[in-house]
Amino acid sequence: MGFARTCSVALVGVEGVVVEVQADLEPGVAAFTLVGLPDKSLSESRDRVRAAVVNSGAEWPQKKLTVGLSPASVPKSGSSFDLAVAAAVLGAAERLDPRAIADLVLIGELGLDGRVRPVRGVLPAVLAAADAGYRQVVVPEQTAGEAALVPGVSVLGVRTLRQLIAVLTDEPVPDEEPTEEGRPDAMLAGLLVPGAGLGTGLAADPAEGPDLADVAGQHRARRALEIAAAGSHHLLLSGPPGAGKTMLAERLQGILPPLTRQESLEVTAVHSVAGILPPGEPLVRRAPYCAPHHSATMQSLVGGGNGLPRPGAVSLAHRGILFLDEAPEFSGKVLDALRQPLESGHVVIARAAGVVRLPARFLLALAANPCPCGRHTLQGAGCECPASLVRRYQARLSGPLLDRVDLRVEVEPVTRADLLGRGGRGETTATVADRVHEARARAAARLADTPWHVNSEIPGHELRTRYLAAPGALATAERDIERGLLTARGLDRVLRVAWTVADLAGHDRPDSQDIALALEMRTGIARGVPVGAGERA
């Protein structure tokens, strides 16, 4: 009788659970039994592992073989357990020393020829192993860079099962044939899932993206874009077709600062699980940009799928931008599903297979026309939409959702002078990004001893008691509350925006001009504040 055990990781959303893989050999009719709540793809590992072991030059044990995945109550899915199952079987057959594999965490899919194929979710799996106290992991060679992002963990990247056997038995490691340069590597197919990106764009360099200087005019909208990026405030751009709403939103990603190390790990983990992490780029350093079509379902936006839920657009946009173009065309239920993650920064999805908590702290950018034809706000443009139809169209963006949007800007049609360049070229993305970076640095210094990083995360109680505006600066906001133009949540968001405006201007705390601009950006009521007010000299 032989027994051996090793470890692998089961992913539940973007969180991992270390699973002990046990193999037991007993005399009897040769059979292979796999227990421990495996799904269909994991159950098929019996045939993959048997063929891989034989084709790697090892002998398959002709005994009754039972492989158990513990804890048995946790659902296991996917093919990432193949490598651990093969190692446990070889340990039970005494081809490997059971003590050498007992504290190893092995992640990878096996081909029938013994090659180790890369799988999705390596980074969150290795993070879970490190949190559980494991310090040695074995992963496919193509994902070794992703696993190496976790500090304090020794990573071994293997290309075949034969290489793993040789390393664990102190035998000469065979030189496997690498893929010829210029030929496609079929093993990378497991990393990318076609159609799973939902319009996600990972910018490698802002200089390669669209430039904000291409936008003609729209000084107020550009100012709102800068404030949104500096404080991570949600933004609504409303105006007629062709005014530049989508053009502005597409340039918002370029002025966001690079992700911090912790944020990069969070974003990389989500994209690795979703299967949209580009090969050769293990760490995502720029904020993601996700722009789903208005026909997107609730499951594609929030998360879902067969079995355990998979990340949706709100999670793929984590620490980045979720842009909803033609926002009123989205389903009302889909839009209202955003209300919870906008407040909490995460989404909890309950399904029959289990409950998953996914990160979803994103900057929401909405673009909307004023009516179905888009010409309602234009004088003499011939809008024939009845008033009742206009009201119904605008009501598709519910009040509770709009109450969570800090900045609401009317994007006016571009004038002929601006379109022809007579008004001068606007600031470039690089110039605005530098100003945003400085504002974020001021906010970070102020919030250094707190759990918050940007102004949009500060709770309202702290804004009213700890981070006070200048004396008398809130007089206008207090009158708006009495007139019913502001809710309690609205006041908190005005204060957050005012702090961002102050950071951009280099003020120690918001003054009356900063508050007035924040109120104007939220209520749409002109306060007599110049567009450039609050900018740093």
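Student: What covers the buried residues of helix H5?
Tutor: The cover includes strands S1 (2–12), S2 (15–26), S5 (105–106) and S8 (136–140), plus helices H6 (144–147) and H11 (261–274). Contact means heavy atoms within 4.5 Å. Helices (H or I, at least four residues) and strands (E, at least two) are DSSP runs, numbered from the N terminus.

Student: Is this predicted or not, and how are residues numbered?
Tutor: This is a predicted model, where local features need pLDDT of at least 70, side-chain atom pairs count only at pLDDT 80 or more, and totals for chains, interfaces and linings use all residues. Residues are numbered from 1 along each chain as its sequence is written, and side-chain values use heavy atoms, with hydrogens and water left out.

Student: Back to H5. How many of its residues are buried?
Tutor: Eight of the ten in H5 (residues 122–131), so the helix is largely enclosed by the rest of the structure. Buried means under 20% relative accessible area, exposed over 50%, partly exposed in between (1.4 Å probe, protein chains only).

Student: Which ones?
Tutor: Val122, Leu123, Pro124, Ala125, Val126, Ala128, Ala129 and Ala130. Just after H5, Gly133 takes a positive phi of about 100°.

Student: New topic. Which residues have the most contacts inside the largest nonpolar core?
Tutor: Ile227, Leu235, Leu252 and Ile255, in a core of 59 residues. Helix H22 (residues 488–505) gives the largest share, eight residues. Such a core is a set of buried Ala, Val, Leu, Ile, Met, Phe, Trp, Tyr and Cys residues joined through side-chain atoms within 4.5 Å.

Student: What does Ile227 touch?
Tutor: Leaving out residues up to four places away in sequence, its contacts include Leu407, Val497, Val501, Leu504 and Met521.

Student: How do H2 and H3 cross?
Tutor: The axes of H2 and H3 (residues 82–92) come within 10 Å and cross at roughly 60°. Axes are lines fitted to C-alpha atoms, for helices over the stretch in contact, with angles from 0 to 180 degrees between N-to-C directions. That makes H2 oblique to H3. Under 35 degrees counts as roughly parallel, over 145 as roughly antiparallel, 65 to 115 as roughly perpendicular, and the rest as oblique.

Student: Which residues meet there?
Tutor: Ser45, Arg48, Val49 and Val53 in H2 meet Asp82, Val85, Ala86 and Leu90 in H3.

Student: Phe32 and Trp60: buried or exposed?
Tutor: Phe32 is buried, and so is Trp60.
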